[in-house]
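This report describes one structure for a reader who has not seen it before. The sequence and the structure come first, and the description follows.

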Amino acid sequence: MKHLRKFAVLTDSTCDIPKDLEQKYGIDILPFIITVDGKSYVERQDFTNEEYYDLLTKCSGIPVTSQITMMRFEEKFEAYLADGVEEVLYVSINSAGSNTYNSAVMAARSFSENHPDCGMRIHIVDSHTYSRAYGYYVCEAARKLKNGADMKCVVEYLEDKFSSVEVLLSMYTLKYVKKSGRVSAAAAFAGELLGLRPIIEMIDGGTSTAAKVRGDVNVIPGLVRHALKRRRPDVDETYLVGGTDEQNIKMLAKLCKAEFGCAPAATFLIGAAVATNTGPNAVAIVYHGEKRR
């Protein structure tokens with residue numbers, strides 16, 4: 001009988017995986033610490049997404065998200081070793097946007113040096129993206145591993161998916177991206193004055209403004225229109241729809257279904273770490289474009 005290796009699937013809280021799927025697939029999620037007006041909160045523990053959106057609208061300062069440290073990863077790896085885990089899969093937030101990925105790499109290197117003969121293997125995958133754009137595939141990876149898939153094949157599967165995944169994002173106000181520094185104060189002021197809303201592409205860890213639409217009513221149609229130009233269903237027809245407002249998510253999912261010819265694989269609420277930069281008035285489509293690697 002084939003030996004099924006004991007594995008652990010680890011990610012960080014920007015994955016925005018719902019609690020029920022976290023529990024269903026036995027996924028470990030390291031939370032980010034977010035400091036708002038001098039008070040520190042633990043993402044996924046100290047508030048719901050909706051409570052955090054409300055906090056964002058009321059805070060006076062700029063919330064700060066702290067990276068997950070090397071020490072926290074080392075503690076997690078040591079706990080896995082004590083539990084008899086043979087293979088660890090960690091899927092990381094975009095390395096270009098957080099040093100968390102580097103913390104994990106350094107912790108894995110330190111662990112290997114301290115336990116050269118332990119046999120526990122650590123696999124680290126950079127998602128190059130944010131939110132459910134990688135959280136969805138963390139769940140798929142955990143499902144495959146539970147069903148007996150080989151870790152090497154699962155890592156290759158993830159790297160393949162992340163080589164084509166793209167995110168389109170927009171928001172109904174530029175107040176919060178101006179606060180976070182993602183958009184200059186002058187550009188944000190001019191945009192608000194003219195009623196302009198950006199269509200932002202997030203590809204391979206990079207962020208750029210792909211288009212602008214005028215007025216709130218054109219945000220959702222503008223997202224779908226641009227996604228139709230970029231989306232490659234022949235690569236992978238899977239797509240997701242998310243945001244910070246359930247009504248906007250439903251409207252976007254309905255239009256996507258009409259234009260794409262199929263329903264989204266999942267809908268999701270954008271979590272605190274991402275909403276810190278987008279604000280509580282965001283909508284997004286996750287889809288697959290051209291393969292880049």
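A residue is called buried when its relative accessible area is under 20%, exposed when over 50%, and partly exposed in between (1.4 Å probe, protein chains only). The model is predicted: local features need pLDDT of at least 70, side-chain atom pairs count only at pLDDT 80 or more, and totals for chains, interfaces and linings use all residues. Residues are numbered from 1 along each chain as its sequence is written, and side-chain values use heavy atoms, with hydrogens and water left out.

**Two loop residues**

Two residues other than glycine with a positive phi are set out below. Helices (H or I, at least four residues) and strands (E, at least two) are DSSP runs, numbered from the N terminus.

| Residue | Phi | Loop | Relative accessible area |
|---|---|---|---|
| His 128 | near 65 degrees | between strand 7 and helix 5 | 24%, partly exposed |
| Asp 204 | near 50 degrees | between strand 9 and strand 10 | 31%, partly exposed |

Asp 204 belongs to the hairpin of strand 9 and strand 10, which has 2 residues between the strands.

**The sheet**

An open sheet of 6 strands has mixed pairing and the order 10-9-8-13-11-12. Two strands count as paired if DSSP finds at least two bridges between them. Strand 10 (206-214) and strand 12 (266-269) are at the edges, and each has a single partner strand, so one side of each is left without a neighbour in the sheet. On average, neighbouring strands of this sheet are turned by 20 degrees against each other, direction ignored. Axes are lines fitted to C-alpha atoms, for helices over the stretch in contact, and angles run from 0 to 180 degrees between N-to-C directions.

Helix 5 (residues 132-146) packs on the sheet and touches strand 8, strand 11 (240-243), strand 12 and strand 13 (282-288). The direction of helix 5 makes about 125 degrees with that of strand 12. Contact here means heavy atoms within 4.5 Å.

Strand 9 (residues 196-203) runs antiparallel to strand 8 (residues 165-171), and 4 bridges join them. Within this pair, Leu 169 has Ile 200 as its bridge partner. With strand 10, strand 9 pairs in the antiparallel sense over 8 bridges, and Ile 199 stands opposite Ala 211. In strand 9, 8 of its 8 residues are buried. Leu 196, Pro 198, Ile 200 and Met 202 point one way, while Arg 197, Ile 199, Glu 201 and Ile 203 point the other way. In a regular strand the side chains alternate between the two faces of the sheet.

**Helix 4**

Helix 4 (residues 100-114) has 15 residues and reaches 21 Å from its first C-alpha to its last, close to the 21 Å expected. The expected span is 1.5 Å times one less than the number of residues. Its buried residues are Thr 100, Ser 103, Ala 104, Ala 107, Ala 108, Ser 110 and Phe 111. Seen down the axis of helix 4, they fall within an arc of 165 degrees, so they line one face of the helix. The arc is that of the directions from the helix axis to the C-beta atoms. Among the elements that cover these residues are strand 1 (7-12) and helix 3 (70-82).

**The core**

A nonpolar core is a set of buried Ala, Val, Leu, Ile, Met, Phe, Trp, Tyr and Cys residues joined through side-chain atoms within 4.5 Å. The largest has 87 residues, and those with the most contacts inside it include Ile 27, Phe 73 and Leu 158. Helix 5 gives the most to this core, with 9 residues. Glu 140 also lies in helix 5 and is buried, with a relative accessible area of 17%.
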